Every structure is written in structure tokens, then in C-alpha cells.
Amino acid sequence: MTMNMPLLMMIALITSMSLLLASGEPIATTLDGPFKPLTRRFDPSLRRGSDDLPMDHPRLRKRNVSSDFPEQIALALSTPTSMWVSWVTGDAVVGKDVKPLDPSSVASEVWYGKEKGKYLLKKKGNATVYSQLYPFDGLLNYTSGIIHHVLIDGLEPETKYYYKCGDSSVPAMSQELSFKTLPLPSKEAYPHRIAFVGDLGLTSNTTTTIDHLMENDPSMVIIVGDLTYADQYRTIGGKGVSCFSCSFPDAPIRETYQPRWDARGR
């Protein structure tokens with residue numbers, strides 16, 4: 001297999017970032033440069049694998065809140081002047097016969113503004129439900145909670161916003177959260193610190209990595225994939241499979257335990 005130069009450059013960048021993260025020293029930013037890349041030995045203890053976190057782990061289980069209350073709140077960058085806000089309400093169901101929730105039963109609202117506790121702007125979005133239904137006996141079906149997506153646009157670049165999400169008519173709005181928009185791209189303005197992370201899984205090593213990212217407070221996080229390893233989770237006794245086709249070459253279907261994705265969202 002051959003790789004083109006942009007891909008090789010990206011791999012080199014991710015490797016350099018990983019080495020700096022493992023060094024335990026403050027990470028230099030582009031504002032401190034220009035400087036020559038440094039190569040540091042990666043911490044070998046993080047290569048030895050780690051057990052999957054159980055579903056009742058404090059960071060994975062659902063909090064004791066009403067079914068209409070937002071959970072799994074997440075941000076996704078759209079542009080320097082817009083942001084996606086997503087969350088989940090209701091309870092996922094696993095079983096032989098599952099009935100999807102009604103996405104129209106709960107509103108999708110985001111209240112936001114540039115001052116704490118003052119939400120001068122409001123946006124509404126849409127909601128959907130995801131179901132995994134298997135055509136084979138013995139495999140449990142899954143239907144998700146209600147998944148909400150709201151695009152808030154017309155934001156000012158490089159500006160901090162405070163927001164709440166949920167349904168104000170219930171009422172069931174989240175606590176106040178915040179984000180900062182990115183600057184408009186130019187030679188002098190760019191994200192001060194970007195974190196790259198991949199193959200996160202859902203293990204003790206995952207929590208260590210997430211804690212490290214939070215401590216370094218990046219302007220943006222790029223997640224390159226392979227997050228949960230939910231394939232065959234129940235079949236093989238609560239362990240994710242990184243290569244499904246390698247472990248189960250004759251399997252007629254890729255069975256996954258979807259609640260692991262809800263756990264990752266939390």
C-alpha cells in the first residue's frame with residue numbers, strides 16, 4: 001500500500017503531537033514558534049492495552065434525570081461563525097421487540113448569548129431516532145433515545161458564547177455551558193492549540209487520554225475515528241473487537257452493542 005504526501009504529513013504531525021503529549025511538558029503552540037520539531041519517546045505503558053470500562057462506570061451510566069432532560073451534549077464545529085449543538089433525550093431500549101420513540105414529542109432548542117445567564121438568541125433544530133434491527137434470531141435489537149441537532153449560525157469569530165439546550169416548554173433545559181468560536185483563517189489568526197486523537201476505544205486508557213486533553217485545553221479537537229469498539233461486545237463477554245473481520249471471518253452479520261455508543265456520548 002502506498003501513501004500520498006499529505007497523508008504522510010498528517011501522520012507525522014499526529015505522531016509528533018503524541019510524543020509531546022507523552023513527555024508531560026507544556027505543549028508549545030504556533031505562537032511560540034517557529035521552532036524545529038522535537039522527537040520524544042512515546043510512553044510504552046500506554047501501548048499495553050486496557051480493559052473496557054463497564055456500563056455501570058460513573059462516567060458511562062446515565063444520570064438520574066427525567067427522560068426529557070438533555071444528556072450526551074456535544075459540540076461540532078461547522079464554520080468560524082456557526083456551531084452544531086447535539087444531545088439526546090429519552091431512554092434507549094434493547095430487546096427483541098423495540099418501539100422507537102417519537103422525535104416530535106420533545107422540542108430541540110438552543111438559547112445562547114455572549115453574557116452569562118443572558119440568552120438573547122434562540123434557535124430550533126430537528127430530532128431523529130436511530131434503530132438497529134437484526135434479521136437473525138438471537139440478536140437483540142436497539143432503538144435510541146431522541147437525538148437532537150441544532151445549528152446556531154451568525155456567530156462572531158473568536159468569541160465566547162454561553163448556551164443552554166433542551167425543551168423550554170417541559171421545562172427541561174440543560175445547565176449553562178459555553179464554547180468559543182474559532183478566528184477567521186488568516187496568517188495571523190488560527191486555533192492556538194489543536195489536539196488530534198484516534199483509536200480512543202472506551203477503556204481506562206480512554207479516560208486517561210480525555211483527562212489529558214482537558215488539562216491542555218485545546219481550541220479544537222480532531223477525532224480521527226475508532227471510538228467505542230462496540231462490535232460483538234456482548235457476544236465475546238464485554239470486550240470490544242478492533243478487527244471484526246479478523247476475529248469473526250465467517251459471521252453473517254456485524255452484531256454491535258449500541259448502548260456502548262450512548263456510554264461514549266456520556
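Is Asp226 buried, partly exposed or exposed? Keep that residue in mind; the tour ends there.

**Before you start**

This is a predicted model, in which local features need pLDDT of at least 70 and side-chain atom pairs count only at pLDDT 80 or more, while totals for chains, interfaces and linings use all residues. Residues are numbered from 1 along each chain as its sequence is written, and side-chain values use heavy atoms, with hydrogens and water left out.

**The whole protein**

Show everything as a cartoon. You should find 4 helices and 14 strands; these are DSSP runs numbered from the N terminus, with at least four residues for a helix (H or I) and at least two for a strand (E). Of the 266 residues, 30% are buried. Here buried means under 20% relative accessible area, exposed means over 50%, and partly exposed is in between, using a 1.4 Å probe and protein chains only.

Switch on the surface next. Its accessible area is about 16,400 Å², and 54% of that belongs to carbon and sulfur atoms (Shrake-Rupley method, 1.4 Å probe; for residues, only the protein chains shown count as cover).

**Stop 1: the largest nonpolar core**

Select Met83, Val85, Trp87, Val110, Tyr112, Val150, Ile152, Leu155, Tyr161, Tyr163, Cys165 and Phe179, the 12 residues of the largest nonpolar core. Such a core is a set of buried Ala, Val, Leu, Ile, Met, Phe, Trp, Tyr and Cys residues joined through side-chain atoms within 4.5 Å. Colour strands E2 (82-89), E4 (109-113), E9 (146-152) and E10 (160-167): each supplies at least two residues of this core.

Now centre on Tyr161. Leaving out residues up to four places away in sequence, its contacts (heavy atoms within 4.5 Å) include Tyr112, Leu155, Leu177 and Phe179.

**Stop 2: the E1-E2 hairpin**

Select E1 (residues 71-79) together with E2 (82-89). The two strands form a hairpin with 2 residues between them and run antiparallel, joined by 6 bridges; strands count as paired if DSSP finds at least two bridges between them. Glu71 stands opposite Val88 in E2.

Next door in sequence, click on Gln72, which counts as buried because its relative accessibility is 16%. Its side chain makes a polar contact of 3.2 Å with that of Glu71. A polar contact is a pair of N or O atoms within 3.5 Å; within protein, one must be able to donate a hydrogen and the other to accept it, and residues adjacent in sequence count only if both atoms are side-chain atoms. Beyond four places in sequence, Gln72 touches Trp87, Trp261 and Arg266, among others.

**Stop 3: a three-stranded sheet**

Select E3 (93-95) and E7 (131-132), the edge strands of an open antiparallel sheet in the order E3-E8-E7. E8 (residues 141-143) pairs with E3 over 3 bridges, and Val94 stands opposite Tyr142 in E8.

**Stop 4: helix H2**

Go to residues 204-216. The end C-alpha atoms of H2 are 19 Å apart, which agrees with the 18 Å that its 13 residues should span at 1.5 Å a residue (the expected span is 1.5 Å times one less than the number of residues). Its buried residues are Thr206, Thr207, Leu213 and Asn216. At the N-terminal end, Thr203 acts as a cap, with a side-chain oxygen 3.1 Å from the backbone nitrogen of Asn205.

Just after H2 comes Asp217, with a positive phi of about 50°. Asp217 is exposed, because its relative accessible area is 61%.

**Stop 5: Arg260**

Select Arg260 in helix H4 (residues 259-265). Arg260 counts as buried because its relative accessibility is 0%. A polar atom of its side chain lies 2.8 Å from the backbone oxygen of Leu53. Other contacts of Arg260 include Asp52, Leu202 and Tyr233.

**Stop 6: two backbone details**

Most residues other than glycine have a negative phi, and most peptide bonds are trans. Select Val170 and Pro171: the peptide bond joining them is cis, with omega near -10°. Pro171 sits in the loop between E10 and strand E11 (172-173).

Finally, find Asp226 in the loop between E14 and helix H3 (244-247). Asp226 has a positive phi of about 55°, although it is not a glycine. As for the opening question, Asp226 counts as partly exposed because its relative accessibility is 46%.
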